[in-house]
Amino acid sequence: MNRLLLSLCVLLCALQALAADKAEPDPQELFMRGNIAYGNKEFSKAENAYRQVLELGHSAEVHYNLGNCLAQQNQWSEAAYHYMKAYSLKPSFEPARANLLLAAQKMGLERDYPTLSGPANLLSETKWTLVAAVSFWLGLIFFFHRDFVRFTLPFGKTLGTISTVVLLVSIFAIIQHQLFKDWAVVSAPVVSLRVAPADQSPGESVLIKGDPIRVLGEQAGFYHVMTAGGDEGFILQSEIHPLAND
Amino acid sequence: MNVVHRIPFLLACLLTFQTAGQNLAAEGIEARASVNPSPVMAGTLAEYVVTFEGTSRIPELLKPQVDGLEFSDQMGTSSFTRIVNGRTSIRTQASWGFRPTSQGTLTIPARVVRIDGQEVRIPAVTFRVIPMDEETRQRAFLRVDIPDGPFYVGEAIPIRVGLFARDDVNLTNIAFPESEGDAFIHTEFDNNPPRTRTRIEGRLYEAFVWDLVLTPIKTGPATLQFRQNISLQVSDPNDRFPSLFSLNRSRSESYTLASQPFETEILPLPGTNQPDSFQDAIGHFEVAAALSTRELQVGEPITLTLSLSGSGNFDRISPPSLPAWDNWRIYPPKVDFVPEDEAGLRGEKSFEYILIPQDSAITEIPEIRYATFDPASGSYETTVLEAEPVTVKPSEKPLQEAPVFAPSASAEAEKDSIVPDSLLPIRPDSGTLRTAMGALWKTVPFWIGNGLFALLFLGTWQIRQRRRRLSEDDRFARRHSAERKIRKALAQAREAANQGDAETFYESVRFILQERISHLSKRRVEAKTLVTSDCIAILQDAQVPDNLHETCHKLLNAADAFTFAGIAAHKENLLQMADEVASAATALNRHAK
């Protein structure tokens with residue numbers, strides 16, 4: 001009997017150790033490791049830690065810190081991509097926008113990089129979506145509440161109109177966010193902007209690493225893109241970092 | 001032999017002559033070199049031509065390198081073939097344009113090239129570069145106004161570069177002046193310089209003026225000269241038909257204008273007695289400091305703005321480095337410059353520091369020293385900003401220790417900076433990590449949530465509509481209130497039929513039919529008061545189908561027979577009638593709707 005109990009205990013301990021080995025690392029701990037490495041100016045180590053965090057989840061802060069690591073290693077184009085991601089996730093996150101502009105300035109592209117404007121700059125797309133949903137239902141309730149309850153809400157029509165305006169603004173902001181997500185950053189050193197989606201297609205012009213471009217669509221393994229200057233063409237999918245690529 | 005047959009023969013002869021000529025020529029290739037025009041006038045464009053006799057091939061020739069001459073990068077080529085009395089002579093030419101940058105006798109040296117395996121010697125050319133004649137010099141000239149020295153390395157010196165073109169001369173093209181000499185750097189030339197008209201020695205000139213800031217970058221003897229390429233439209237003095245058809249024939253001539261060479265000695269900044277607070281500010285400045293508030297709280301940021309106003313090398317001034325004050329956390333400053341002139345020589349440069357007191361024992365902002373160098377006096381001047389008394393209240397919040405993180409209190413400062421001078425610091429918190437990165441409105445839970453809300457909305461609306469109908473539609477309300485009783489009576493009737501309880505059965509049947517038929521009445525009638533004849537009349541009025549009418553009539557008659565004559569049906573008949581009552585009740589209800 002004692003032997004059996006002992007064997008069970010050993011088996012349980014072994015299973016626990018195995019489970020601990022296979023347990024996923026804690027993203028908060030990884031993030032802190034990255035911060036400590038950054039503070040010690042071990043930027044490559046910090047970059048690895050932040051990349052591991054991104055495998056577990058995304059946030060504006062992680063993308064921003066990773067962008068800083070890359071910028072400290074003079075990888076401005078990829079840094080700009082991560083600042084754009086951070087800015088897209090949290091438009092009110094001013095440091096991300098400021099560092100994005102700095103990265104663009106370092107690459108001499110300060111006029112090419114897009115930024116959000118108007119209502120989209122106030123809230124993230126998720127929050128605007130929630131605002132849109134709430135304002136939609138509130139609008140319905142304010143306008144049609146007499147069909148549900150016996151009493152009349154004061155200023156029902158005014159509040160319904162306000163809800164409708166908020167709904168329209170939300171939709172506009174969501175569209176702005178969607179358009180912002182169409183942007184991408186050229187990741188290859190030199191990229192040929194092809195006139196057709198084919199390897200043998202002649203190049204119309206050349207883009208360099210860090211150039212921001214808008215993705216218009218996909219075709220046969222190529223992205224149909226438009227440059228900040230308005231030139232359209234095709235680029236291999238492996239040659240750019242699309243912002244919406246998650 | 002006709003003409004057609006002679007053509008191949010003639011072509012063969014020609015080719016034979018050509019080949020023979022080339023072979024003959026290859027045996028004796030000669031080279032000549034010349035400069036056109038000669039002598040060359042300083043500031044004008046000339047041409048160096050190398051001519052090869054006896055070959056159609058031009059060897060690979062590098063641009064000549066001669067001190068005092070600036071050759072163009074592009075080589076011009078031409079080739080001529082002549083056949084005179086059956087003798088073929090071939091001549092090829094290579095040429096470069098050049099501008100002399102010095103005067104006197106110059107020589108383009110000889111060199112040897114290899115053509116078709118043969119070494120050919122290009123002879124040297126010696127020519128004179130003569131000064132620009134007075135007439136040409138008066139047409140256009142370049143003048144640089146530089147203030148008197150001495151000049152110190154790093155100093156900002158305002159200079160004026162002016163291109164003067166005589167009023168009767170038509171300038172067709174001008175390039176930016178270019179400086180010669182590695183001891184200075186200067187600000188960029190404006191694309192649209194101010195144009196003025198001025199009178200010099202009695203002649204009217206059009207002047208293009210650039211105001212620049214010159215900065216010496218190394219010490220010792222230094223020379224500065226500006227050169228500028230221009231093109232002038234010049235009337236041809238040899239034109240034989242100047243007035244014919246009022247055509248004024250003219251030609252374009254290119255010149256390189258040069259300013260008078262400026263020679264000076266660049267002095268180093270005095271090394272002795274250089275104050276520690278000197279941050280490369282050279283000029284005449286006034287230093288001031290401003291504190292956002294004197295009543296502070298531990299952990300709450302304040303701004304300290306140091307400003308330098310006056311004239312000097314604003315673009316090279318580094319932020320004053322504040323000494324390490326005890327109990328203060330100091331962040332790198334935000335730099336701003338407001339120029340008062342286009343060259344940026346005068347203005348005000350400010351450095352806005354964010355300071356966070358760490359201890360309530362602080363009583364003052366310590367003294368700040370800032371040293372500048374005045375080139376006029378050749379000495380350093382140190383401005384001492386006296387210590388500012390402040391009061392610091394203790395904080396209610398614990399202080400954070402995050403040296404590499406952006407303090408939350410400086411968020412406002414970050415907001416103001418559009419493009420920061422350096423990377424803003426990393427964030428200490430990871431924020432809320434999300435696994436899904438897509439738009440919320442593209443997710444299933446979002447639409448499930450909204451769908452549930454929509455169902456709730458519709459359900460509430462349906463209930464409200466039903467209640468409203470019940471209160472407004474009397475027939476509907478009666479039908480609705482009787483519905484449960486009818487269902488109960490139907491169940492009762494079936495059970496009574498099963499048990500053979502005729503009394504209960506017929507009572508239930510009567511109740512069901514009375515209720516259902518009362519709903520068909522156009523008037524409001526009490527169901528219990530309806531007798532069989534009333535029921536039949538209502539059924540007729542309601543125009544129910546004949547079979548339904550007959551069924552109802554039969555059932556009511558059966559109920560009457562039991563009530564008034566005591567004639568009860570058999571159990572099987574009761575069960576059959578129970579089915580008929582159920583279907584009649586359903587049909588009557590459908591008809592009532």
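**Figure 1. B:Asp167 and B:Arg197 pair up in a salt bridge.** In this close-up of a predicted model, the closest N and O atoms of B:Asp167 and B:Arg197 sit 2.7 Å apart. Look for B:Asp167 in the loop between β13 (157-166) and β14 (170-174) of chain B, and for B:Arg197 in strand β17 (residues 195-200) of that chain. Since the two places are 30 residues apart in sequence, the pair ties together separate parts of chain B. Are these two partners buried or exposed? B:Asp167 is partly exposed, with a relative accessible area of 40%. B:Arg197 is exposed, because its relative accessible area is 53% and the cut-off for exposed is over 50%.

**Figure 2. A salt bridge joins B:Arg91 to B:Glu53.** Here the closest N and O atoms are 3.0 Å apart. Both partners belong to strands of chain B: B:Arg91 lies in β6 (residues 87-100), while B:Glu53 lies in β3 (residues 46-53). The pair is 38 residues apart in sequence, so it ties together two parts of the chain. What about their surroundings? B:Arg91 is partly exposed, at a relative accessible area of 30%. B:Glu53 has a relative accessible area of 19%, and that makes it buried because the cut-off is under 20%.

**Figure 3. B:Glu388 meets B:Arg294 in a salt bridge, side chain to side chain.** The N to O distance is 2.3 Å. This pair links distant parts of chain B, 94 residues apart. B:Glu388 is in strand β30 (residues 388-389), and B:Arg294 is in the loop between β22 (278-291) and β23 (295-297). Both partners are partly exposed: B:Glu388 has a relative accessible area of 28%, and B:Arg294 has one of 41%. Salt bridges can also share partners, and that is how A:Glu47, A:Arg51 and A:Glu78 end up joined in one network. How many salt bridges turn up when you search the whole structure? Over all chains, there are 24.

**Figure 4. B:Leu214 is a buried residue in a strand.** You'll find B:Leu214 in β18 (residues 203-216) of chain B. Its relative accessible area is just 1%, so it counts as buried. Which residues does it touch, leaving aside those up to four places away in sequence? Its contacts are B:Glu155, B:Ala156, B:Ile157, B:Ile159, B:Phe184, B:Ile185, B:His186 and B:Leu224. Check the backbone too: the C-alpha atoms of B:Leu214 and B:Thr187 are separated by 6.8 Å, and these residues are 27 residues apart along the chain.

**Figure 5. B:His549 is a buried residue in a helix.** The helix is α8 (residues 546-565) of chain B. B:His549 has a relative accessibility of 16%, which means it counts as buried, since the cut-off is under 20%. Not counting residues up to four places away in sequence, B:His549 touches B:Ile536, B:Leu539, B:Gln540 and B:Val544.

**Figure 6. A:Asp211 is buried even though it lies in a loop.** Now over to chain A, where A:Asp211 lies between β3 (203-208) and β4 (212-219). With 11% relative accessibility, A:Asp211 counts as buried. Leaving out residues up to four places away in sequence, it touches A:Leu109, A:Ala184, A:Val185 and A:Val186. As for the chain around it, chain A has 8 helices and 7 strands, and buried residues make up 45% of its 246 residues.

**Figure 7. Chain A and chain B meet at an interface.** The contact takes 50 residues from chain A and 38 residues from chain B. Together the two chains bury about 3,700 Å², with 67% of that on carbon and sulfur atoms. Which helices of chain A supply at least two residues each to the side that touches chain B? They are α2 (27-39), α3 (43-56), α4 (60-72), α5 (76-89), α6 (94-106), α7 (125-144) and α8 (156-181). Sorted by class, that side of chain A has 26 nonpolar, 15 polar and 9 charged residues. Across the interface there are 0 salt bridges, but 13 residue pairs are in polar contact.

Methods:
Residues numbered from 1 in each chain as written. Chains lettered and ligands numbered in written order. Predicted model: local features only at pLDDT ≥ 70, side-chain atom pairs only at ≥ 80, totals over all residues. Heavy atoms only, no water. Helix = DSSP H or I, 4+ residues; strand = E, 2+ residues; numbered from the N terminus. Buried < 20%, exposed > 50% of the residue type's maximum accessible area, 1.4 Å probe, protein only. Contact = heavy atoms within 4.5 Å. Buried area = accessible area lost by both parts, 1.4 Å probe. Salt bridge = Lys/Arg side-chain N within 4 Å of Asp/Glu carboxyl O. Polar contact = N/O pair within 3.5 Å; in protein donor to acceptor, adjacent residues only side chain to side chain. Nonpolar A, V, L, I, M, F, W, Y, C, P; charged D, E, K, R; others polar.
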